[in-house]
Amino acid sequence: MATSEELHKRRVEAVARGVGSTIPAYVDRAGGGTITDVDGREWIDFAAGIAVTNVGNSAPRVVEAVRAQVERFTHTCFMVAPYESYVAVCEQLNALTPGGFEKRSALFNSGAEAVENAVKIARHATGRPAVVVFDHAYHGRTNLTMALTAKNMPYKHRFGPFAGEVYRVPMSYPLRDGGLDGATAAARSIEMIEKQVGAENVAALLIEPIQGEGGFVVPAEGFLPALREWATAAGVVFVADEIQTGFCRTGDWFACEHEGVEPDLITLAKGIAGGLPLAAVTGRAELMDAVHVGGLGGTYGGNPIACAAALASIETMRELDLAAAARRIGAVMGERLRAIAAGDPRVAEVRGRGAMLAVEIVVPGTLTPDPAATASISAACHAAGLLTLTCGTYGNVLRFLPPLVISDDELGRGLDILAAAFG
Ligand SMILES: *Cc1c(COP(=O)(O)O)cnc(C)c1O
């Protein structure tokens, strides 16, 4: 077998430079809480392929379901000749997502595609043009979702012009907004919407209940419920982007449940199908069904193999109670991270929920972001066999997203490496 070094040489000659990788190691196999490269080096996995393999890599039920489906048929296109598993995934999503009202779902391939479709549905149903998003938001890399995403480098730089009718308002970010309470932070955002956009022009308010790429920003309590309440009164579709937070990651099936928020539409992807590409929009039947027949779809959306994997993943989450596993991981990890923070003045804050935790790194004694220190701690982790990711508008947040099936031993070893990397 080729070595990681040989594969990296081939990659540089074959793969576009714009596609980056966190580690220059080429994967041979992965499962539980580890990834092993072609040279036999092992990493403890605190990335889960960016919050995708919540059920672990090659989860037994997923493997079995995919194998069985790939032998029956691989693709007919649901818009041409439909099949049961697509319907069954929609039934599961309608039942699992918050909100006791009647729901419908539609399936797509990627998170960005789900977000684009949520905007299409909200605009069609309301007849309004504007979409409101937040500072530090991340919603994808397609043209509309680049416009919705906040951060220029690397996501938007020189890729414009971007889609119109997108308006950005402040996020609740307690570390950096002087600790505004949720209601006050929401009032500030709402006033900006009303004065600068006009509520009656707004189709959708789109928000990640805990921001992902933007820095694992957890809004102050009350922020999401206040926005939800305003959206209802203003006839604005409240869209929760749960692409990174969904499927047990934060210790509930969905992060909105933490404060009892019921979105009108929810976008889903990442953790939905154990690593196979699948995404969804789930929401109020009257909004979803407002769109004319043929108005939604796509060649591969709800591919039968991905649907089989999603049903098996959801079953695995139920059977193993991965929401409880996420809470357990969060308790163990949170304690270790707070101990690290207590002894290291570079750590401004430990935040997140469940198995979606992060530390924000600053110049000691200030709130000045320190992306260089963040990168060097992350590099020390990689060198010592722990796969970590960074994020944040300022590139100064280390985030931890282990598979929810990681063993106690793997989790402990990973945290030991992390503690050592802080030195
Ligand atoms: C990853 C992500 C997306 C985009 O998903 P893709 O599958 O990469 O297109 C959108 N929103 C959030 C919150 C995400 O984390």
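Which side chain makes a polar contact with the side chain of Asp-344? Arg-346, at 2.7 Å. A polar contact here is a pair of N or O atoms within 3.5 Å; within protein, one must be able to donate a hydrogen and the other to accept it, and residues adjacent in sequence count only if both atoms are side-chain atoms.

Ground rules next. This is a predicted model, where local features need pLDDT of at least 70, side-chain atom pairs count only at pLDDT 80 or more, and totals for chains, interfaces and linings use all residues. Residues are numbered from 1 along each chain as its sequence is written, and side-chain values use heavy atoms, with hydrogens and water left out.

Back to Asp-344. This residue sits in the loop between α11 (322-342) and β11 (347-353). Helices (H or I, at least four residues) and strands (E, at least two) are DSSP runs, numbered from the N terminus. Asp-344 counts as buried because its relative accessibility is 7%. The cut-offs: buried is under 20% relative accessible area, exposed is over 50%, partly exposed is in between, with a 1.4 Å probe and protein chains only.

Now helix α1, residues 4-14. Its buried residues are Ser-4, Leu-7 and Arg-11. Seen down the axis of α1, these fall within an arc of 60°, so they line one face of the helix. The arc is that of the directions from the helix axis to the C-beta atoms. What do the buried residues of α1 pack against? Strand β2 (34-37). On the other side of α1, the exposed residues are Glu-5, Lys-9, Arg-10, Val-12 and Glu-13.

Next, a contact between two helices. Ile-305 is in helix α10, residues 304-319. Gln-69 is in helix α3, residues 60-72. Both ends are buried: Ile-305 at 14% relative accessibility, Gln-69 at 5%. Contact means heavy atoms within 4.5 Å. Leave aside neighbours within four places in sequence. Ile-305 is then in contact with Val-66, Gln-69, Val-70, Thr-74 and Leu-276. Gln-69, on the same footing, is in contact with Pro-304, Ile-305 and Ala-308. One C-alpha distance to go with that: Ile-305 and Glu-71 are separated by 9.8 Å, and they are 234 residues apart along the chain.

On to the empty space. Definitions first. We work on a 1 Å grid over the protein atoms alone. A cavity is a set of points where a 1.4 Å probe fits but cannot get out. A pocket is an open set with protein on both sides within 12 Å along at least five of seven lines. Lining residues have an atom within 4 Å of a point. Grid points are joined across faces, edges and corners, and a volume is the space filled by probe spheres set on the points. For the linings, Ala, Val, Leu, Ile, Met, Phe, Trp, Tyr, Cys and Pro count as nonpolar, Asp, Glu, Lys and Arg as charged, and the others, Gly among them, as polar.

How many cavities of 30 Å³ or more does the structure hold? Two. The largest has a volume of about 50 Å³. Its lining includes Pro-209, Cys-256, His-258 and Arg-353. That lining divides into six nonpolar, one polar and two charged residues. The second largest cavity comes in at about 30 Å³. Among its lining residues are His-136, Tyr-138, Lys-151 and Glu-213. Here the split is three nonpolar, four polar and two charged.

Then the second largest pocket, with about 470 Å³ of space. Of the 21 residues that line this pocket, Phe-78, Tyr-86, Ser-105, Ala-106 and Leu-296 are the closest to its centre. Two elements give two or more residues to the lining: α4 (84-96) and β4 (103-108). β4 supplies the largest share, five residues. By class, the lining has 12 nonpolar, seven polar and two charged residues.

Last, the backbone. Two cis peptide bonds to show. One joins Met-153 and Pro-154, with omega about 5°. Another joins Gly-160 and Pro-161, omega again about 5°. Pro-154 lies in the loop between α6 (143-148) and β6 (166-169), and Pro-161 lies in the loop between α6 and β6 too.

Positive phi in residues other than glycine: Ser-58 is near 50°, and Phe-247 is at about 60°. Ser-58 is in the loop between α2 (48-51) and α3. Phe-247 is in the loop between β8 (237-241) and β9 (265-268). Buried or exposed, then, for Phe-247? Buried, with a relative accessible area of 1%. Ser-58, at 52% relative accessibility, counts as exposed.
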